[in-house]
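Trainee: Could you take one part of this structure and walk me through it closely? I would like to see how it sits among its neighbours, residue by residue.

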Amino acid sequence: MFDRWRQAARHLRHEVRALTIAAQDPRTPRRAKVLAVCIVAYALSPIDLIPDVIPVLGYVDDLILLPLAVWVALRMIPPQVMDDARAQAAQQGDGRATDWRGAVLIVALWGLAAWLVYAALRRYLSG
């Protein structure tokens, strides 16, 4: 049973990598690009929508929401583009990314979101 889960996790990781490649392809529709970028950012982000410390619910986003979002994005991207992206992702192998630009972008986006929430709450509470 654990082998099936491990294999599904590898497949999902491969699909997220292929989505990253497909989002850069000019043949990909704009809505699909935006969704793919959001999925990849969320998948790479250390911050979850539902914190993992909450029993059962904490893993809902990892086990249900992320694969569902990937499935929706895959339906929006033309099959030929995804085939090319999967082939390119397979060529890249299973190596870990060493580029820190993505991590910096994700941290900056979460920081911006936190600042916007803080500013909205401060305005709401003071006025």
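**A close look at helix α1**

Mentor: Let's start from one residue, I21, which sits in helix α1. Keep in mind as we go that this is a predicted model. I21 counts as buried because its relative accessibility is 14%, below the 20% cut-off for that class. Once the neighbours within four places in sequence are set aside, I21 is in contact with A85, Q88, A89 and Q92. Take A85 from that list: 64 residues separate I21 and A85 in sequence, yet their C-alpha atoms are 5.5 Å apart in space.

The residue beside it is worth a look too. With neighbours within four places in sequence left out again, A22 touches T28, I77, V81, M82 and A85. A85 is thus among the partners of A22 and also among those of I21.

Now step back along α1 to E15, which belongs to this helix as well. E15 has a relative accessible area of 3%, so it is buried. Beyond four places in sequence, its contacts are V70, L74, M82 and R86. M82, then, is a partner of E15 and a partner of A22.

With those residues in place, we can turn to whole helices. Two packed helices are described by the angle between their axes and the distance between the axes. Helix α1 covers residues 2-23 and helix α3 covers residues 60-76; they pack at about 45°, and their axes are 11 Å apart. That angle makes α1 oblique to α3. The crossing of α1 past α3 is left-handed. From α1, the contact draws on W5, L12, E15, V16 and L19, while α3 brings L63, L66, P67, V70, A73 and L74. Sorted by class, the residues of this contact are 10 nonpolar, no polar and 1 charged. Our buried E15 is one of the α1 residues here.

The pairing of α1 with α2 comes next. Their axes come within 9 Å and cross at roughly 140°, which means that α1 is oblique to α2. This crossing, too, is left-handed. On the α1 side you will find V16, L19, T20 and A23, and on the α2 side K33, A36, V37, I39, V40 and A43. The contact of α1 with α2 has 8 nonpolar residues, 1 polar and 1 charged. Notice V16 and L19: they take part in the contact with α2, and they are listed in the contact with α3.

What about the two partners of α1, taken together? Helices α2 and α3 pack at an angle of about 155°, with 9 Å between their axes. That makes α2 roughly antiparallel to α3, and α2 passes α3 in a left-handed crossing. In α2, the residues R31, A32, L35, I39, Y42 and A43 meet D61, L66, A69, V70, V72, A73 and M76 of α3. By class this contact has 11 nonpolar, no polar and 2 charged residues.

One residue on the α3 side deserves a pause. D61 lies in helix α3 and counts as buried because its relative accessibility is 0%. D61 and A43 are 18 residues apart along the chain, and 9.9 Å separates their C-alpha atoms. Both of them appear in the contact between α2 and α3.

These pairings lead us to the core. The largest nonpolar core has 21 residues, and L19, A22, I39, V70, I77 and M82 are those with the most contacts inside it. Helices α1, α2 (30-44), α3 and α4 (79-92) each supply at least two of its residues. The largest share, 7 residues, comes from α1. Several names should be familiar by now: L19 from the contact with α3, I39 from the contact with α2, and V70 from the partners of E15.

Finally, set the helix in its chain. The chain has 5 helices and 0 strands, and along the sequence the pattern reads α-α-α-α-α. Its C-alpha trace spans about 55 × 40 × 30 Å along the principal axes. The chain has 127 residues, of which 24% count as buried; I21 is in that class, and so is E15. Of the contacts in the chain with a separation of 6 or more, 68% join residues 24 or more positions apart.

Notes
Residues numbered from 1 in each chain as written. Predicted model: local features only at pLDDT ≥ 70, side-chain atom pairs only at ≥ 80, totals over all residues. Heavy atoms only, no water. Axes fitted to C-alpha atoms, helices over the stretch in contact; angles between N-to-C directions. Helix = DSSP H or I, 4+ residues; strand = E, 2+ residues; numbered from the N terminus. Parallel < 35°, antiparallel > 145°, perpendicular 65-115°, else oblique. Left-handed = near helix turned anticlockwise from the far one by under 90°. Contact = heavy atoms within 4.5 Å. Nonpolar A, V, L, I, M, F, W, Y, C, P; charged D, E, K, R; others polar. Core = buried A, V, L, I, M, F, W, Y, C linked by side-chain atoms within 4.5 Å. Buried < 20%, exposed > 50% of the residue type's maximum accessible area, 1.4 Å probe, protein only.
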